[in-house]
Amino acid sequence: MVRTLDSIESIGVVGAGTMGSGIAQVAARHGYDVVMRDVEEEFVQRGFDSIEDSLDRFVSKDELTEDEAEETVERITGTTDLADLADCDVVVEAAVEDMDIKRDIFADLDEAVPDDVVLATNTSTLSITTIAAATEREDRVVGLHFMNPVPVMKGVEVVVGEKTDEDVVEFAHALAEDLGKETWESDDKPGFVTNRILMPWINEGIRAYDEGVASKEDIDKGMKLGTNVPMGPLELADHIGLDICLDASETLHEELGDRYKPAYLLKRKVDAGDLGKKTGEGFYEH
Ligand code: 3HC
């Protein structure tokens, strides 16, 4: 049995860093009571500070009233005790990208919250299946991968573990949509859709800079104006956090090896004369 979205009133968030506090903010902004937990009081406070900064930006643009911002913060309870998540109807974990730490958290959550509560992880590259295996509810563990900055970015990636129940996948989509997001789905393969593709792009930008292809400004400008993305690879790496990029890249490297050769399918399509829009056939039909 999985809880349906209309029975969900409170959301537990594990981790009050950039992603955790962003998720807590968005959940509270959409009317949920939130319990936001981190290991130290200081980290919890930093989470609240960043939520207040972000809400202030919406207030200054008249997208939110001061009262609404205040009510949003009031719906969030901070804690350092995982047991305080016991009454939450769903939990989203956004702690550090370390498999051992995540498995410990999931094992503890499995003890702390009722059996029918879905446990979601915001992991960016780690296996949902391996995290789920630390619990007795592998079918109720799912990936809910938010994008940074969470209050602004529209997309959430739903990641389906080996044992994730179909109802839990549906629930994950519905929950993200209820938080004002749009979703897409990925199988539990390293990096899922987004980071599998994004991290090599960022690394290539970094290598191009290191090898003197262009200045860092021109690499970012070239990719921004040349491919119409909001940030170039070096700017985006800074925005995400270089440590997070390194962790994600190391996981991808370990799991997938050398991904930087031209894709076999790309060569095959070119050999076949399927060059994209100009020939009417590429990866899509035009
Ligand atoms: N809270 C509230 N509002 C925020 C905000 C926050 N944390 N961060 C930015 N904003 C708002 C600003 O107030 C501004 O609003 P306005 O345009 O209405 O005035 C708007 O967003 C744009 O911000 P800025 O003017 O400061 O700067 P930019 O125009 O460069 O936008 C950005 C910032 C929204 C971050 C934009 O550059 C962007 O979309 N960059 C790409 C981000 C991205 O790709 N994220 C995904 C990374 S991958 C990931 O997260 C996966 C992980 O696993 C690694």
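**Charges, patches and unusual backbone in a predicted model**

Let me begin with a small cluster of charges: Glu93, Glu97 and Lys102 are linked in a network of salt bridges, where a salt bridge is a side-chain nitrogen of Lys or Arg within 4 Å of a carboxyl oxygen of Asp or Glu. I should say at once that this is a predicted model, in which local features need pLDDT of at least 70 and side-chain atom pairs count only at pLDDT 80 or more, while totals for chains, interfaces and linings use all residues. Residues are numbered from 1 along each chain as its sequence is written, and side-chain values use heavy atoms, with hydrogens and water left out.

Within that network, lysine 102 pairs with glutamate 97, and their closest N and O atoms are 3.1 Å apart. Lysine 102 is buried, at a relative accessible area of 1%, whereas glutamate 97 is partly exposed at 22%; here buried means under 20% relative accessible area, exposed means over 50%, and partly exposed is in between, with a 1.4 Å probe and protein chains only.

The whole structure holds ten salt bridges, and another of them joins glutamate 235 to lysine 224 at 3.2 Å, N to O. Because glutamate 235 lies in helix α9 and lysine 224 in helix α8, this pair ties together parts that are eleven residues apart in sequence; helices here are DSSP runs of H or I with at least four residues, strands are runs of E with at least two, and both are numbered from the N terminus. Glutamate 235 is partly exposed at 31%, and so is lysine 224 at 26%.

What, then, of an acidic residue without such a partner? Aspartate 38, in the loop between β2 (33-37) and α2 (41-60), is buried yet has no salt bridge, and the nearest side chain of opposite charge, that of arginine 37, is 5.9 Å away. The side chain of aspartate 38 does, however, reach the backbone nitrogen of alanine 16 at 2.9 Å.

Turning to the surface, a negative patch includes Asp98, Asp104, Glu136 and Glu254 among its members; patches are made of residues with over 30% relative accessible area and no salt bridge, like charges being joined within 9 Å and nonpolar side chains (Val, Leu, Ile, Met, Phe, Trp, Tyr) within 5 Å. Which helix gives the most to the negative patch? That is α10, with five residues, and both α4 (99-112) and α10 (242-256) supply at least two each. Aspartate 98 sits in the loop between β4 (90-93) and α4.

There is also a nonpolar surface patch of about 620 Å², made by Leu265, Leu266, Val270, Leu275, Phe283 and Tyr284. Leucine 266 belongs to helix α11, residues 264-271, and is partly exposed at 41%.

Finally, some backbone geometry. Most residues other than glycine have a negative phi, and most peptide bonds are trans. Asparagine 148 and proline 149 are joined by a cis peptide bond with omega about 5 degrees, and proline 149 lies in the loop between β6 (141-146) and β7 (155-160). Phenylalanine 192, although not a glycine, has a positive phi of about 55 degrees, and asparagine 228, also not a glycine, has one of about 60 degrees. Are these two residues buried or exposed? Phenylalanine 192 is buried, with a relative accessible area of 3%, whereas asparagine 228 is exposed at 71%, in the loop between α8 (216-227) and α9 (233-240).

Key: Areas by Shrake-Rupley, 256 points an atom, 1.4 Å probe, with all protein chains shown as cover. Lys, Arg positive; Asp, Glu negative; His and termini not counted. Charge placed at Lys NZ, Arg CZ, Asp CG, Glu CD. Polar contact = N/O pair within 3.5 Å; in protein donor to acceptor, adjacent residues only side chain to side chain.
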